[in-house]
Amino acid sequence: MNSDTRVAQEAHDGLDRQLVQALQLDGRAPFSRIADVLGVSDQTVARRYTRLRTAGAIRVLGLADPVALGEVVWLLRVQCTPEAAVSVAEALARRPDTSWVSLLSGGTEIAAITRAASSEDSDALLLRKLPRTPRVVGVAAHCVLHEYFGGPEGLVSKSGMLTPRQIERLTHPVSPRPPGPPVALDEGDRRLLGVLARDGRAGLAELVAATGWSQSTVRRRLAELRSDGTLYFDVDYHPRLFGHGSTAVLWLSVPPAELAATGEAVAAHPEVAFACATTGPHNLLAIVVCRDVRALYEYLTTRVAALPGVRGMETSPTIRRIKGPGPLLLSPRGLARRDS
């Protein structure tokens with residue numbers, strides 16, 4: 001039984017959804033603190049988390065902020081022949097520098113996000129490798145210039161499952177990063193982040209074993225990376241937990257003078273899971289998650305239609321997500337787990 005089937009068979013209630021939002025606010029919050037805020041027992045929170053995680057409904061991920069590391073983020077649109085799209089998407093998903101790899105409408109286009117430490121690293125993937133891949137017929141790459149919504153601010157934060165007071169009690173403080181050079185990571189930091197990217201709630205013993213550090217050093221470094229925003233936590237959850245059934249990528253064209261205001265307005269929409277300014281003719285991208293196709297139509301004809309800065313729009317429904325924000329999970333046979 002795959003994760004989609006298990007999640008579909010589970011009945012999820014408000015407490016499950018409150019737990020997901022609590023973990024989005026602080027992925028490493030002790031179950032005792034979450035339980036106190038939600039008004040239930042520690043055992044109830046632990047049991048709910050274990051059930052959701054075992055069913056493949058949620059993953060807590062500890063991820064590094066590309067801005068803090070001085071990395072360049074690219075949005076890829078890859079056109080393939082129909083028979084090659086899945087294999088190319090899975091090959092992209094297996095790369096450690098990619099995230100959010102999806103098949104779009106028609107099954108011949110792939111959208112993906114990739115990170116590079118420098119323009120030279122970007123060239124290796126964007127300009128040399130992908131265009132030479134058999135049955136890839138076109139590649140468009142757009143540099144992400146500014147993120148309006150995303151990263152630690154997941155869509156679940158707009159769910160309204162927690163009260164403002166509960167949010168305040170669970171939010172982990174982060175100090176604004178002062179201007180300066182990118183954060184320099186050593187080998188121990190990379191091993192620490194590697195474990196957290198697979199399991200943001202990995203235990204202290206596992207982090208000590210991975211880094212070779214003492215417990216006190218692990219605690220101190222975790223606190224440092226979190227406090228300045230280098231490390232943040234995200235919850236990769238199954239859409240059915242919140243009744244989401246239709247996802248689409250919107251490519252919007254906005255005059256430069258209206259880009260910032262339009263981007264902020266789009267970011268505030270409850271349907272928007274990610275929004276950023278990019279290079280290219282469509283300079284504002286938004287990932288939209290709705291209940292169904294009818295709700296998507298309503299969103300496009302109301303909220304988007306009311307934006308005065310939008311001069312053009314292309315809508316690409318997502319038909320399959322191959323990879324989310326963290327590392328690709330593999331089945332025992334080595335095949336990628338495919339989330340809807």
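## Exercises on a buried helix, a barrel and two cores

A89 has a relative accessible area of 0%, which makes this residue buried (buried means under 20% relative accessible area, exposed over 50%, and partly exposed in between, with a 1.4 Å probe and protein chains only). The model is predicted, so local features need pLDDT of at least 70 and side-chain atom pairs count only at pLDDT 80 or more, while totals for chains, interfaces and linings use all residues. Residues are numbered from 1 along each chain as its sequence is written, and side-chain values use heavy atoms, leaving out hydrogens and water.

### Exercise 1: the surroundings of A89

Find the helix that holds A89, then list the residues in contact with A89, leaving aside its neighbours within four places in sequence.

**Solution.**

Step 1. A89 sits in helix α5, which covers residues 85–94. Helices (H or I, at least four residues) and strands (E, at least two) are DSSP runs, numbered from the N terminus.

Step 2. With neighbours within four places left out, the contacts of A89 are V101, L103, I110 and I322; contact means heavy atoms within 4.5 Å.

Step 3. Now look at the whole helix: α5 lies across β2, β3, β4, β5 (136–149) and β10 (312–323), and runs at about 170° to β3. Such angles run from 0 to 180 degrees between N-to-C directions, with axes fitted as lines to C-alpha atoms, for helices over the stretch in contact.

### Exercise 2: following the barrel

In what order do the eight strands of the closed barrel run?

**Solution.**

Step 1. Trace the strands in the order β2-β4-β3-β10-β7-β9-β8-β5; their pairing is antiparallel. Two strands pair if DSSP finds at least two bridges between them.

Step 2. Ignoring direction, neighbouring strands of this sheet are turned by 35° against each other on average.

Step 3. Zoom in on one pair: strand β3 (residues 98–104) and β4 run antiparallel and are joined by four bridges. Within this pair, S99 has I113 of β4 as its bridge partner.

Step 4. Strand β3 also contains W100. Although W100 is not a glycine, its phi is positive, about 50°. W100 is partly exposed, with 37% relative accessible area.

Step 5. Add a second helix to your picture: α12 (residues 293–304) lies across β7 (246–253), β8 (272–278), β9 (284–290) and β10, at about 25° to β7.

### Exercise 3: pairing charges

How many salt bridges does the structure hold? Examine the pairs R51 with D16, E71 with R115, and E168 with R165.

**Solution.**

Step 1. The count is 22 salt bridges, each a side-chain nitrogen of Lys or Arg within 4 Å of a carboxyl oxygen of Asp or Glu.

Step 2. R51 and D16 meet through their side chains at 3.0 Å, N to O. R51 belongs to helix α4 (residues 42–54) and D16 to helix α2 (residues 14–25), so the pair ties together parts 35 residues apart in sequence. D16 is buried at 0% relative accessible area, whereas R51 is partly exposed at 25%.

Step 3. In the pair of E71 and R115, the closest N and O atoms are 2.7 Å apart. This pair links distant parts of the chain, 44 residues apart: E71 is in the loop between β1 (58–64) and β2 (72–80), and R115 is in strand β4 (residues 109–116).

Step 4. For E168 and R165 the closest N and O atoms are 3.5 Å apart. These two residues are three places apart in helix α7 (residues 164–170), so about one helical turn separates them. Both E168 and R165 are exposed.

Step 5. Finally, salt bridges with shared partners join D13, D16, R48 and R51 into one network.

### Exercise 4: helix α2 and the core

How many of the 12 residues of α2 are buried? Which element gives the largest share of the largest nonpolar core?

**Solution.**

Step 1. Nine of the 12 residues of α2 are buried, so this helix is mostly covered according to the cut-off. Among them are L15, D16, L19 and L23.

Step 2. The buried residues of α2 pack against α3, α4, β1, α7 and β6.

Step 3. The largest nonpolar core has 42 residues, and V20, L23 and I34 are among those with the most contacts inside it. A nonpolar core is a set of buried Ala, Val, Leu, Ile, Met, Phe, Trp, Tyr and Cys residues joined through side-chain atoms within 4.5 Å. Helix α2 gives the largest share of this core, five residues.
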